[in-house]
Amino acid sequence: MGHKWALRVIPFGNLKLVAQLLVSLVVLSSNLCQSLDLDPEDRASMLLFWSGVQDPSLSLSSWVGSSCANWTGITCQNQTGRVVSINLTNMNLSGQIHPSLCKLPFLQDLVLSQNNFSCPIPVCLGTLSFLRTLHLGQNRFQGVVPDTFMRLGQLRELVLNGNNDLGGVIPWWIGNFSAQLEKLDMGFNSFHGEIPESLLYSKTLKYLDLGNNDLSGSLSDFHQSLVFLNLGSNQFTGTLPCYSTCQQSLRVLNVANNSVVGGIPTCIASLQALQHLNLSFNHLTYEMSPRLVFSEKLLLLDLSNNDLAGPLPSKVAETTDKSGLVLLDLSHNRFSGEIPLKITELKSLQALFLSHNLLVGEIPARIGNLTYLQVIDLSYNSLSGSIPLNIVGCFQLLALILNNNNLSGEIQPELDALDSLKILDISNNNISGEIPLTLAGCKSLEIVDFSSNNLSGTLSDAITKWPSLRYLSLAHNQFTGILPSWLFTFEVIRMMDFSGNKFSGFIPEGNFNMSISYNNREVDRMQRDPFVSMQSVDTKVLIVVTGSIELSFNYILSSMVGIDFSNNGLDGEVPVGLFGLHGLEYMNLSHNYLRGGVPDLEKMWSLKALDLSHNSLSGPIPGNISSLPDLTLLDLSYNSFSGFVTKKQGYKKFPGAFAGNPNLCLETSNGGCDPASLPVVPGKAFVGEEEVEGRISVWIFCVSAFLSFYLGGLALFCSPRARGYILHTKA
């Protein structure tokens, strides 16, 4: 008999009913799987573990009943209900780890990272013979790595990073206890001694992070196909190996912040898969060989803070239309000569750091060909000529830092094309002319430093078009005219320095409540050293490189909150509103022609330094300053103050602050008035019992912004000191 195929059409209503039944069956089947009960022995062990844990966030509050699906962070075997995986990452857990955790015989993955466990690593964890993954990183574990871990023969990943009190010598067996080990992360701990030889020959190892410890000894070559190697921020010595066994595999190599000597061997360029190379903060010397040319896969090259000399290499890496260097940092070395034109052929470049070298000549005009550039730092060299007009081709530029060179010419009006620019620093050069009105187009500017040039003219109204301005220094130029009425209209301004110019007229009255920082409404206020120097400018860089090879940009400005109008020709009275700014940390109005009285300072809660010296201020000294605990430096000398200063007013530690006020006297020990107790030597003040030479401005009013740039994010924290890189290689 033959088969007959018949097609029966189900009405739409019935079809909907069938679909609902099917969905119900799927849900029922899923619920049956999810309702799998925890093995009673494992459940008892987990509850004992929980009893020793402090859980303020109630992250484990679901650990009730017997259904495995309800227990946060727990995975059970489908048929038996035995616990095979525990993942309690970042749950704000602390306290001790109960030994019952070791009574889970089928456990394969144990992840307790990013908590606050503060105890020795339990020795009994070595009994978990099926363990494949053990992550205990970023806690507060103490002591040493237990020798019982030698029994974990199936372990593939051991992550112990970020436990500051975990240390000792790295165990001798660490490289051969498991034939499966692929990842070992012991970074940011307190291990010391040398790298055990077993690690150099661990055949299965791909990822090794020993960074940020106290390890020492000569750098050794590794004899396995590593993909990731971080030895940064230790005390390694010797010369740089070739890592020839890793020639086709190594993607990330970080040896930064050690004491490596000698030159950079050309064999390093044979690492064909290398994407990130950081050799910064070492003692590398000699010239870079012209044969040291990396492959087009290299994204980040940091050779900063060494003693490398000679000309800049004309070619550092191959490049294609689709790949090439994203960040190049050769700063803080002794490179000399001109900037080679070949650098302008690195089409993918997004960050270029050549600062603190001995470079001469002009900035290459073709630098504008680098259209992906976000940061250019050529500061602290001897570059000459003008800022090339072609630089506007870098239309994505966020930071242009050219300070401390011999640049001349004028600020080109066409720079307004850089409408994404946040940081513009051309200070300490020989740039002249006026601030172009067209700079109003740079509406994203936040940090502007034009100080120590030959700029002139009046304050340009272009500045009013920078609504996000946080730091503005026009100090030590030839600006003239009056201070405009819009001066105090910037909401996020932290520092305003117009010192050393030829401004005249009154300090304008204004809405002094506009500034968040001046009025102490800032959320992220930091503790800062009051003796910050203009010369201590530092740049901290973090890199985020995603799969699309793009950098994201951010920075942190850490500077004193202040106003400096000193060494000008200002006259009239000081607006009373200036003395009511709660967040102001320093104010320097010295060496002007200001007159009138000074009100009480009791509202200036954050004040650390005040210089009103060398003016024509009169009347009594401001009242009690004992309510200003942070006030460290005070200079009211060479004015026309008068009256009697009592000890109760809190001025005892600042006797030098009153020199040159002949009608003023201080209360003596017997309660009398002694004008002779005032110093007659100009420019001296007292802090406590120690004499400090020079005007206050020598110490505190030459404050510059500390800029920390954040460009992005990969996963290896390489930055050893002030400058750091975060690198992460995507699988």
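**Note on the strand pairings and disulfides**

1. Strand 41 and strand 43 (residues 616-619) pair in the parallel sense, with 2 bridges between them. Within this pairing, Gly596 stands opposite Leu617 of strand 43. The model is a predicted one, and the points below should be read with that in mind.

2. Strand 41 also pairs with strand 39 (residues 569-573); these two run parallel and are joined by 3 bridges. Here Gly572 has Leu594 of strand 41 as its bridge partner.

3. The side chains of strand 41 (residues 593-596) alternate. Leu594 and Gly596 point to one face and are buried, while Tyr593 and Arg595 point to the other face and are not buried. In a regular strand, side chains alternate between the two faces of the sheet. The two buried residues are also ones that appear in the pairings above: Leu594 is the partner of Gly572, and Gly596 is opposite Leu617.

4. On the cysteines, a search of the whole structure finds 4 disulfides. Counting bonded cysteines along the chain, the pattern is 1-2, 3-4, 5-6, 7-8. Three of the links are taken up in points 5 to 7.

5. Cys68 and Cys76 are joined by a disulfide with an S to S distance of 2.0 Å. The link is right-handed, with 100° about the S-S bond. Cys68 has a relative accessible area of 7% and Cys76 has 9%; because buried means under 20%, both count as buried.

6. Cys102 is joined to Cys124, S to S 1.9 Å. This link is right-handed too, with 55° about the S-S bond. Cys102 sits in the loop between strand 4 (94-95) and strand 5 (109-111), and Cys124 in the loop between strand 6 (116-117) and strand 7 (133-135), so the disulfide ties together parts that are 22 residues apart in sequence. Cys102 is buried at 11% relative accessibility, whereas Cys124, at 24%, is partly exposed.

7. In the disulfide of Cys242 and Cys267, the sulfur atoms are 1.9 Å apart. The link is left-handed, with -80° about the S-S bond. The pair connects distant parts of the chain, 25 residues apart: Cys242 lies in the loop between strand 15 (235-237) and strand 16 (252-254), and Cys267 in the loop between strand 17 (261-262) and strand 18 (276-278). Both cysteines count as partly exposed, Cys242 at 30% relative accessibility and Cys267 at 22%.

8. Two further cysteines may be checked for accessibility. Cys119 is buried, with a relative accessible area of 4%. Cys394 is buried as well, with a relative accessible area of 0%.

9. A last point concerns Glu41, which is found in helix 2 (residues 40-51). Is Glu41 buried or exposed? Its relative accessible area is 57%, and because the cut-off for exposed is over 50%, Glu41 counts as exposed. The C-alpha atoms of Glu41 and Val83 are separated by 9.9 Å, and the two residues are 42 residues apart along the chain.

How values were computed
Residues numbered from 1 in each chain as written. Predicted model: local features only at pLDDT ≥ 70, side-chain atom pairs only at ≥ 80, totals over all residues. Heavy atoms only, no water. Disulfide = S-S within 2.5 Å. Buried < 20%, exposed > 50% of the residue type's maximum accessible area, 1.4 Å probe, protein only. Helix = DSSP H or I, 4+ residues; strand = E, 2+ residues; numbered from the N terminus. Pairing = 2+ DSSP bridges.
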